[in-house]
Amino acid sequence: MLTPLSNVSTRPDRPAYFQSLAEAIRDPDELLALLDLSHTLAEPARQAARQFPLLVPRDFLARMQRGDPADPLLRQVLPIHAESEVTPQFTEDPVGDRAAGRGAGLIQKYGGRALLIATGACAVHCRYCFRRHFPYADDPAHAEDWRAVLGTLRSDDSIQEIILSGGDPLMLTDERLATLVDRLGAIPHLKRLRIHTRLPIVLPDRVTPGLIEILRSTRLSPVVVVHANHPNELVGDCAKALRQLREGRCAPGGEGEARPITLLNQAVLLRGVNDDVDVLEALSQRLFTLGILPYYLHQLDRVAGAAHFEVPEQRGRELVEQLRARLPGYLVPQYVRETKGKPSKTPII
Ligand SMILES: *Cc1c(COP(=O)(O)O)cnc(C)c1O
Ligand code: SF4
């Protein structure tokens, strides 16, 4: 299970996002009260949160519609009774990550790129998270030391791209991230540094000048893949943070040379959130406005507790076809599923 962040320091010399993390909502009753929603949702939420705790940053909550229990952002984070239903084929390790491990903290399934589990922590708990049951506690890589992972990477010159994942890799402080990126940059055959993160979406103040400096100064070509599922996520502080990231500049007119950062988005096709062609179109349009291209639309991984989010592939195909008729090809994400043992994500066409 993802490790919730419990004892975050809020010393004044810390970046503001530490405070945002510490103040994130963890109590279902509080979440419902802030949204003027009925208490009848509270008991099932409390129960489901025992399996996988509720965690919602306040900035993300501020983008939800009060009084609407079907709000697409709320639906992604509110624990509900359906999570406890047992559905055949929905398992604890749906994508075979445990088998693909190359030693603690490193997963390689595909040629030329490897995925580094930088930390088990995350700033939000998406109810459909495919890592909700991942045994991070067995994984020594989030205990300060990437020595083994770096050794494996150094000895395999077929790997050109390192993908930082998690949990969310931006849960590492800028100091730790800088150390890791420095060490990765010192591996001669690595060319690209990719970061898979949802923090710029759910916790925009994580986009610190320090983070931009790390991406701006590394020898590796940086690619940031964010994770937004609905256009309503991409407003306010979040839009501002994404623009800064895109421009590779700490502040408008900030010091030093800007280094524009390649930004891509991956979304998960989710019932009741974005299984609607108007929503998907608006998502692509909104992303483009912010300088982000849609990359993947993922078929939901069949993780236990998330069956109620599944959209049948036939329906997904129809949606993507409709999207293709409305948008230029570069704004249509690749609709893919992940299948155990395959050499890449599998396009669904
Ligand atoms: C999804 C994934 C990648 C990245 O695949 P791309 O198609 O390059 O985006 C790499 N490693 C693992 C283990 C993955 O699950
Ligand atoms: S942001 Fe990603 S890692 Fe974090 S809970 Fe959501 S899906 Fe899981």
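1. The side chain of Glu83 makes a polar contact with the side chain of Arg132, at 3.4 Å. A polar contact here is a pair of N or O atoms within 3.5 Å; within protein, one must be able to donate a hydrogen and the other to accept it, and residues adjacent in sequence count only if both atoms are side-chain atoms. Glu83 sits in the loop between α5 (72-77) and β1. Its relative accessibility is 8%, so Glu83 counts as buried. The cut-offs are under 20% relative accessible area for buried and over 50% for exposed, with partly exposed in between (1.4 Å probe, protein chains only). Beyond its neighbours within four places in sequence, Glu83 is in contact with Ala48, Leu78, Arg127, Arg132, Gly305 and His308. Contact means heavy atoms within 4.5 Å.

2. A word on the basis. This is a predicted model, in which local features need pLDDT of at least 70 and side-chain atom pairs count only at pLDDT 80 or more, while totals for chains, interfaces and linings use all residues. Residues are numbered from 1 along each chain as its sequence is written, chains are lettered from A and ligands numbered from 1 in the order in which they are written, and side-chain values use heavy atoms, with hydrogens and water left out.

3. Now the sheet. It is open, has 9 strands and mixed pairing, and follows the order β1-β2-β3-β4-β5-β6-β7-β8-β9. β1 (106-110) and β9 stand at the edges with a single partner strand each, so one side of each has no neighbour in the sheet. Helices (H or I, at least four residues) and strands (E, at least two) are DSSP runs, numbered from the N terminus. Two strands pair if DSSP finds at least two bridges between them.

4. At the β1 edge, β1 and strand β2 (residues 113-117) pair in the antiparallel sense over 3 bridges. Ile107 has Leu115 in β2 as its bridge partner. The two strands form a hairpin with 2 residues between them, and Gly112 in the turn has a positive phi of about 80°. β1 is mostly covered: 4 of its 5 residues are buried.

5. Further along, strand β6 (residues 262-268) runs parallel to β7, joined by 5 bridges. Asn265 has Pro294 in β7 as its bridge partner. Strand β7 (residues 293-298) and strand β8 (residues 334-337) also run parallel, with 3 bridges. There, Tyr296 stands opposite Gln334 in β8. The direction changes at strand β9 (residues 346-347): 2 bridges join β8 to β9, and they run antiparallel. Val336 stands opposite Pro347 in β9.

6. Which handedness does the unit of β7, helix α12 and β8 have? It is a right-handed β-α-β unit, with α12 spanning residues 313-326. Right-handed means that, with the strands pointing away from the viewer, the path from the first strand over the helix to the second runs clockwise. α12 lies across β7 and β8 and runs at about 165° to β8. Axes are lines fitted to C-alpha atoms, for helices over the stretch in contact, and angles run from 0 to 180 degrees between N-to-C directions.

7. Helix α11 (residues 277-289) lies across β6 and β7, at about 145° to β7. Its buried residues are Val277, Val279, Leu280, Glu281, Leu283, Ser284 and Leu287. An α-helix has 3.6 residues a turn, so residues three or four places apart point the same way. The cover over the buried residues of α11 includes β6, β7 and α12.

8. The ends of α11 deserve a look. At the start, a side-chain oxygen of Asp276 reaches to within 2.8 Å of the backbone nitrogen of Asp278. After the helix comes Gly291, with a positive phi near 80°. α11 has 13 residues and reaches 18 Å from its first C-alpha to its last, close to the 18 Å expected at 1.5 Å a residue. The expected span is 1.5 Å times one less than the number of residues.

9. Some backbone details are worth checking by eye. Most residues other than glycine have a negative phi, and most peptide bonds are trans. Asp36, in the loop between α2 (28-34) and α3 (42-51), has a positive phi near 55°. Gln89, in the loop between α5 and β1, has a positive phi near 80°. Gln89 counts as exposed, at 58% relative accessibility. A cis peptide bond joins Gly166 and Gly167, with omega about 25°. Gly167 lies in the loop between β3 and α7 (174-185).

10. Last, Ser155. It is placed in the loop between α6 (147-154) and β3 (161-165). Ser155 counts as exposed, at 60% relative accessibility. Ser155 and Ile187 are 32 residues apart in sequence and 9.4 Å apart in space, C-alpha to C-alpha.
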